[in-house]
Amino acid sequence: MTIKLYYHPSPNPAKVALFLEEVGLPYEVVVVDTRKGEQHLPAFLAINPNAKTPALVDGEATVFDSTAILLYLAEKTGRFLPLDTPAARAEMLSWLMLVATGIGPYSGQCVHFKYFSPEPK
Ligand SMILES: N[C@@H](CCC(=O)N[C@@H](CS)C(=O)NCC(=O)O)C(=O)O
């Protein structure tokens, strides 16, 4: 069964699309237009109750949040994982979580406040 990637052209979904392209796994894009509010439709909320893209359905597996999806795909394919040693895993997890909890959210807030909710001058 083909993987379905619930996608909007923005940074977090792009991480997953890049991974899938790099490993050459076939997948089908399901567009979720977040500018039209499609992330709040019941059919999508059943896949990601957090109402954000990306999300991925792979047969019986449903996974949302870009970092969870990257780890899921890395484990499924055996790609982009370091040697299975505590030191190598620690380094990989540290950089992955830095992007997930530091760079990603703060970049998102920067775009939001700069373009969508700017301070009144
Ligand atoms: N922690 C989530 C963040 C996902 C996220 O913020 N997605 C954005 C697109 S980059 C989105 O769906 N925004 C629509 C909204 O917040 O309503 C992840 O890493 O997947």
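In this predicted model, N48 is found in the loop that runs between α2 (42-45) and β3 (55-58). With a relative accessibility of 2%, N48 counts as buried, because buried residues are those under 20% relative accessible area. The side chain of N48 makes two polar contacts with the backbone: the backbone nitrogen of N50 is reached at 2.8 Å, and the backbone oxygen of K52 is reached at 2.6 Å. When neighbours within four places in sequence are left aside, N48 is in contact with P54, A55 and F64.

K52 and P54 also appear in the surroundings of the ligand, which comprise S10, N12, P13, T34, Q39, K52, T53, P54, D65 and S66. Among these residues, the side chain of K52 has an N or O atom 2.5 Å from an oxygen atom of the ligand, while an N or O atom in the side chain of Q39 is 2.7 Å from a ligand oxygen atom. A nitrogen atom of the ligand, in turn, is 3.1 Å from an N or O atom in the side chain of D65. On its own the ligand has 510 Å² of accessible area, of which the protein covers 72%.

Side chains of opposite charge can pair when their charged atoms come close, and the structure holds three salt bridges. In one of them, the side chains of K76 and D58 meet with an N to O distance of 2.8 Å. Since K76 lies in helix α3 (residues 66-77) and D58 in strand β3, this pair ties together parts that are 18 residues apart in sequence. The two partners differ in their exposure, as K76 is partly exposed, with a relative accessible area of 44%, whereas D58 is buried, with a relative accessible area of 10%.

A further salt bridge is formed by the side chains of R89 and D84, at 3.7 Å from N to O. Here R89 counts as partly exposed at 24% relative accessibility, and D84 is exposed, with a relative accessible area of 67%. D33 forms a salt bridge with K36, and the closest N and O atoms of this pair are 4.0 Å apart; K36 counts as exposed at 66% relative accessibility.

The surface also carries a nonpolar patch, formed by W95, L98, V99 and I103, which together have about 390 Å² of accessible area. Within this patch, W95 lies in helix α4 (residues 86-116), and at 54% relative accessibility W95 counts as exposed, because the word applies to residues over 50%.

Notes
Residues numbered from 1 in each chain as written. Predicted model: local features only at pLDDT ≥ 70, side-chain atom pairs only at ≥ 80, totals over all residues. Heavy atoms only, no water. Patch = residues over 30% accessible without salt bridge, like charges linked within 9 Å, V, L, I, M, F, W, Y side chains within 5 Å. Areas by Shrake-Rupley, 256 points an atom, 1.4 Å probe, with all protein chains shown as cover. Helix = DSSP H or I, 4+ residues; strand = E, 2+ residues; numbered from the N terminus. Buried < 20%, exposed > 50% of the residue type's maximum accessible area, 1.4 Å probe, protein only. Near = heavy atom within 4 Å. Polar contact = N/O pair within 3.5 Å; in protein donor to acceptor, adjacent residues only side chain to side chain. Contact = heavy atoms within 4.5 Å.
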